[in-house]
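Here are a few exercises to work through with the viewer open. Try each one before reading its solution.

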Amino acid sequence: MSHTPEKKVRLAHGGGGRLSRQLLDDVFLPVFGNTDLNRLNDSAILHAGPGQLAFTTDSYVVDPLFFPGGNIGSLAVCGTVNDLAVMGAEPRYLSAGFILEEGLPIDTLQAVVHTMGETAKAAGVSIVTGDTKVVARGQADGIFINTAGIGYIDHRSRVSESRLCEGDVILVSGPLGCHGMAVISARKALGIESEIQSDVAPLNGLVKAMMNASPNIHAMRDATRGGLASVLNEMADQAGLHIEIKEAKLPIRDEVNTACELLGFDPVYVANEGVLVASVAQEDAEAVLHAMQGVTVGAEARIIGRVCQGTGSRVTMETTLGTHRIVDMLSGEQLPRIC
Amino acid sequence: MIDFKPLRAAGAARVLADKIAEISTGQPMRFMEVCGTHTMAIAKYGLRTLLPPEIRLVSGPGCPVCVTPNAYLDHALRLAERSEIIITTFGDMLRVPGTLGSLESARSEGADVRMVSSTLEALALAETHPQREVVFLGVGFETTAPTVAAALLEAQRKRLTNFSVLTAHKTMPMPLRVLSEDTLQIDGFILPGHVSAIIGSAPYSFLVDEFNTGGVVSGFEPLDILESLYRLVRQVKQRQPAIENQYTRVVRSEGNTAAQALIHHTFIPDDAHWRGLGMIPGSGLSIVSDYAAFDAAVKFDISVPASKEPDGCRCGEVLKGVIEPPACPLYGSPCTPEHPVGACMVSSEGTCAAHYRFLNRTLQ
């Protein structure tokens with residue numbers, strides 16, 4: 001049994017000196033290493049693609065850092081990859097900026113970095129530039145990560161909300177609410193314990209399969225914070241159209257439903273990290289659905305609704321009882337209710 | 001675990017809705033769902049659209065967040081200003097506006113306000129932070145009061161000196177008396193299932209004896225509510241008001257006597273201010289003197305001005321079922337779920353929030 005004290009991140013690890021270099025050599029380069037990154041220049045010089053570029057950034061904070069099905073590292077890669085993918089871009093390059101809290105076990109950082117490396121590999125992207133800062137204990141919560149991403153867009157495959165058309169079919173790529181409820185149960189604080197696994201996954205392979213199946217994917221979004229309902233409202237608003245979904249068609253796992261009912265949550269507002277929503281021309285909907293179901297992350301894809309006739313942007317749901325109700329945007333976070 | 005699917009079956013719902021329409025035969029009726037969870041379920045499942053137009057559902061004062069007065073929030077906010085205090089609360093109290101702001105805004109200004117899911121979590125926090133004072137906001141009806149009572153017992157057993165409860169607990173049957181004495185013309189009540197699980201169905205008998213009004217203790221699934229409505233319509237048509245129990249899978253007529261004993265051991269009935277309804281004698285719960293050491297109102301010397309409703313706010317009339325939310329001049333602007341002015345907009349179970357979320361735009 002080893003008695004060496006656990007190695008921890010120290011302020012000097014972010015100082016740019018010898019310890020910074022050691023962290024780079026010991027933790028980051030062995031996992032992320034590629035010819036662009038290994039040069040360790042002040043910026044990476046990349047090959048531009050033939051068409052347009054998609055460029056996005058996102059910052060990741062999550063409590064706890066590790067949850068069933070993933071950790072902050074898988075979120076940081078998938079979130080940015082998926083933001084590129086749903087615009088029809090092929091994700092290629094990521095940056096990774098870390099803000100570490102003094103005292104963070106190096107083992108924890110290593111586990112997160114390892115996951116990022118694996119996830120990036122699975123998504124076919126390279127992490128080509130990065131940065132690390134360390135802040136004093138209490139000034140951050142373990143690890144904060146920012147990633148930015150660049151993807152190539154083939155000019156034939158543009159996706160944009162404004163192309164949402166009347167008669168389109170709305171598809172969702174997988175079961176809803178797993179990520180949000182996995183994180184909440186991992187907190188244990190709410191007295192909910194479950195086997196729910198986060199859905200965090202890169203979606204670029206799925207998007208590729210969908211775009212190969214049809215040139216008529218009119219809009220795509222990944223249903224992250226605010227869940228399905230928020231994404232549908234954004235899509236409806238941008239196009240000025242009415243989307244109607246059917247409650248009975250929504251893929252929601254029993255354990256997610258149960259956890260939501262205990263907390264007074266509505267699963268359509270719970271975050272996903274590996275689920276996309278697409279609006280597809282009616283004639284191609286079955287072909288796209290079939291293509292989605294042929295990819296692991298899309299195996300449980302479903303048609304959940306359609307873009308209706310009529311003016312005024314709104315989202316409605318036909319309930320399991322056959323009644324209709326508004327599905328509004330979420331206001332702030334869902335809060336567990338008293339009784 | 002209960003399988004809820006049969007209780008959400010579309011076919012059975014249609015059958016029940018048809019039966020309601022068949023026996024109501026065009027006679028106008030007004031029923032009040034007392035509990036916020038019923039309000040939510042009715043809106044979420046679009047149950048109003050299944051009912052014949054002559055049956056009107058009005059929402060009552062059963063959302064604990066909504067009826068908690070400004071002065072209580074102000075009291076909590078004053079406590080939160082003290083650096084030694086950690087305020088612990090159920091989630092949906094965070095955004096409730098007092099006159100001094102909300103707990104959420106206080107937190108952003110540095111107050112230590114933490115969301116917990118149980119009183120035991122707050123107790124654990126007190127144990128792990130012996131140098132701090134942990135105050136739990138005891139809000140809710142007979143449903144949550146026993147859990148606070150259990151925490152008081154546990155705090156005494158562990159001889160904790162840094163745990164206390166700021167109580168705004170309320171009890172259910174009394175406001176129904178106030179509503180019945182008012183000229184609201186309620187033809188029957190959908191009685192709260194969770195509260196009744198604790199108090200049983202017997203305490204509602206005065207509704208029949210004194211006001212000739214019936215009620216049905218109801219579950220929260222769509223078919224539960226429709227069946228309860230069917231029973232209420234039948235009572236009205238047969239002129240035989242009664243207290244019925246539809247929620248027999250959970251509620252017994254005598255209730256949960258162990259939970260009742262816990263409440264009686266640690267609390268005494270007290271006059272309570274209800275937002276919108278005003279002072280109702282004997283409708284609140286205060287901590288008994290044996291447990292005064294755990295009563296934050298006694299422990300900390302804080303004075304707050306009396307409750308005052310925001311100008312123009314008609315939450316009171318909404319809570320009584322006198323007006324529908326859009327009749328309030330603040331509804332939609334400036335009062336929205338993002339920026340609630342009145343309490344009914346704050347909790348997801350609040351009448352205005354449910355209305356705004358599910359019905360605010362015309363369905364075509």
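The exercises below deal with a predicted model, and each comes with a worked solution.

**Exercise 1. Work out which elements of domain 1 of chain A touch domain 2 of chain A, and which one gives the largest share.**

Start with the division: chain A splits into domain 1 (11–153) and domain 2 (161–326). Their C-alpha centres sit 27 Å apart. Next, count the contact: 22 residues come from domain 1 of chain A and 21 residues from domain 2 of chain A. Now look at the domain 1 side, where helix 3 (72–85), strand 4 (89–101) and helix 4 (106–123) of chain A each put in at least two residues. Helix 3 of chain A gives the largest share, with eight residues. Last, sort that side by class: you should get twelve nonpolar, seven polar and three charged residues.

**Exercise 2. Is Arg306(A) buried, exposed or partly exposed? Find its contacts too.**

First locate Arg306(A): strand 11 (residues 302–308) of chain A holds it. Then count neighbours. Arg306(A) has 19 C-beta neighbours inside 10 Å, and buried takes 20 or more, so it counts as partly exposed. For contacts, skip neighbours within four places in sequence; that leaves Asp168(A), Val169(A), Ile170(A) and Glu244(A). For a sense of distance, Leu100(A) is 206 residues from Arg306(A) in sequence and 45 Å away in space, C-alpha to C-alpha.

**Exercise 3. Explain why strand 12 of chain A is described as largely enclosed, then trace the strands that it joins.**

Take burial first: strand 12 (residues 314–318) of chain A has five residues and four of them are buried, so the rest of the structure largely encloses it. Then go to the pairing with strand 9 (residues 242–246) of chain A, which runs parallel to strand 12 of chain A over five bridges. Here Arg314(A) in strand 12 faces His242(A). Now try strand 13 (residues 324–326) of chain A: three bridges tie it to strand 12 of chain A, this time antiparallel. Glu318(A) has His324(A), in strand 13 of chain A, as its bridge partner. The hairpin of strands 12 and 13 of chain A has five residues between the strands, and Gly322(A) takes a positive phi near 90° there.

**Exercise 4. In what order do the four strands of the open sheet in chain B stand, and which are at the edges?**

Read across the sheet and you get 4-3-5-6, with parallel pairing. Strand 4 (112–115) and strand 6 (163–167) of chain B are the edges: each has a single partner strand, so one side of each has no neighbour in the sheet. From one strand to the next the twist averages 25°. Zoom in on strand 3 (residues 85–89) and strand 5 (residues 133–138) of chain B, which share four bridges; Ile87(B) has Val135(B) as its partner. Finally, add helix 4 (residues 70–80) of chain B, which lies across strands 3, 4, 5 and 6 of chain B at about 140° to strand 3.

**Exercise 5. Which residues of the largest nonpolar core touch the most other members?**

This core has 110 residues, and the ones to pick are Ala76(B), Ala80(B), Ile87(B), Leu103(B) and Cys344(B). By element, helix 11 (residues 222–238) of chain B gives the most, seven residues. Then check the domains: domain 1 (5–63 + 183–245) and domain 2 (66–171 + 255–299) of chain B each supply at least three residues. As a last step, follow Ala80(B): beyond four places in sequence, its contacts include Ile85(B), Ile87(B) and Leu103(B).

How values were computed:
Residues are numbered from 1 along each chain as its sequence is written. Chains are lettered from A and ligands numbered from 1 in the order in which they are written. This is a predicted model: local features need pLDDT of at least 70, side-chain atom pairs count only at pLDDT 80 or more; totals for chains, interfaces and linings use all residues. Domain bounds come from an automatic or database domain assignment. Two residues are in contact if their C-beta atoms, placed from the backbone, lie within 7 Å. Ala, Val, Leu, Ile, Met, Phe, Trp, Tyr, Cys and Pro count as nonpolar, Asp, Glu, Lys and Arg as charged, and the others, Gly among them, as polar. Two strands pair if DSSP finds at least two bridges between them. Axes are lines fitted to C-alpha atoms, for helices over the stretch in contact, and angles run from 0 to 180 degrees between N-to-C directions. A residue is buried if 20 or more other C-beta atoms lie within 10 Å of its own, exposed if 12 or fewer, and partly exposed in between; C-beta atoms are placed from the backbone. A nonpolar core is a set of buried Ala, Val, Leu, Ile, Met, Phe, Trp, Tyr and Cys residues joined through C-beta atoms within 7 Å.
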